[in-house]
Amino acid sequence: QTPTREQAMGEFLNTLQSANLSTADLNIAKPLVTYLKLAGSALVPTTSQSQADAVQIDLFRKDVDGFRVLTSNPDTGLVRIILSSSRVPGKRILFLKYNYWPVDMKKTGIYKLKKSSEAWEELQQGKAFFASATQNQTQFTITGVSLAYYDSLDTQYFLQPVFVFTGENKFQAFVPAIAPPW
C-alpha cells in the first residue's frame with residue numbers, strides 16, 4: 001500500500017537525515033504531497049491514496065520575514081522524493097532530488113524596489129518569467145500581485161525579490177522587483 005502523507009514524510013526526513021542532508025530552512029510543516037498512479041510507463045497525479053501507486057513530496061524553503069519563497073515551477077520543490085508502495089528494500093525510493101543551496105540570511109543588502117505599476121508594465125511587455133501558464137496562451141486575467149523571493153534551482157546563495165502576478169488557471173509570473181541600475 002502507498003504510504004500515508006505522515007508515513008511518507010517520516011521516511012523522507014529519515015532518508016535526508018541518514019544522508020546528512022540539511023533541512024534547516026526547509027518548510028517541512030507544509031510539504032506539497034501528490035499521489036501518483038501508473039498510466040502506461042508514466043506516473044500521473046491522482047486524487048486519492050487508494051488509487052495511488054506512489055507518493056511524491058516536495059519541500060520548499062520556509063518563508064522569509066513573512067514573504068513566500070518560490071521556485072521557477074510552483075509544483076517543484078528544492079527537495080523531492082517519490083516513494084513507491086513496494087516494501088522491498090531498494091525499490092521503495094523511485095526518485096530523490098536534493099537541489100538545495102544554503103542561503104546566508106545574515107548577509108543582506110538594501111535595494112530600491114520598482115513600483116508595482118512598473119512591474120505591471122514589464123509583465124505586459126513580456127519581460128517576465130512565466131512560471132505557470134497554459135501553452136500558447138497570450139491573454140491572462142490577473143487576480144493578484146504580491147512580493148516574494150525567488151529561489152533558483154541553479155546554484156545561487158541569495159534570494160531575489162520578485163513581484164508575483166497570479167491569475168486564473170494557476171497562472172503565475174515573476175518580474176524582478178529590484179529597481180535599476182541593479
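**Salt bridges and their burial**

Visitor: At 60% relative accessibility, does Arg 87 count as buried or exposed, or which class does Arg 87 fall into?
Guide: This is a predicted model, in which local features need pLDDT of at least 70 and side-chain atom pairs count only at pLDDT 80 or more, while totals for chains, interfaces and linings use all residues. Residues are numbered from 1 along each chain as its sequence is written, and side-chain values use heavy atoms, leaving out hydrogens and water. Buried means under 20% relative accessible area, exposed over 50%, and partly exposed in between (1.4 Å probe, protein chains only). Because Arg 87 has 60% relative accessibility, Arg 87 counts as exposed.

Visitor: With which residue does the side chain of Arg 87 meet in a salt bridge at 4.0 Å?
Guide: A salt bridge is a side-chain nitrogen of Lys or Arg within 4 Å of a carboxyl oxygen of Asp or Glu. At 4.0 Å, N to O, the partner of Arg 87 is Glu 11. Arg 87 lies in the loop between β5 (79–84) and β6 (93–98), and helix α1 (residues 5–18) holds the partner, so the pair ties together parts 76 residues apart in sequence; helices (H or I, at least four residues) and strands (E, at least two) are DSSP runs, numbered from the N terminus. The partner, partly exposed at 22% relative accessibility, is Glu 11.

Visitor: How many residues apart in sequence are the parts that Asp 151 and Arg 61 tie together?
Guide: The side chains of Asp 151 and Arg 61 meet in a salt bridge of 2.7 Å, N to O. Asp 151 lies in the loop between β8 (142–150) and β9 (160–167) and Arg 61 in the loop between β3 and β4 (69–70), so the separation in sequence is 90 residues.
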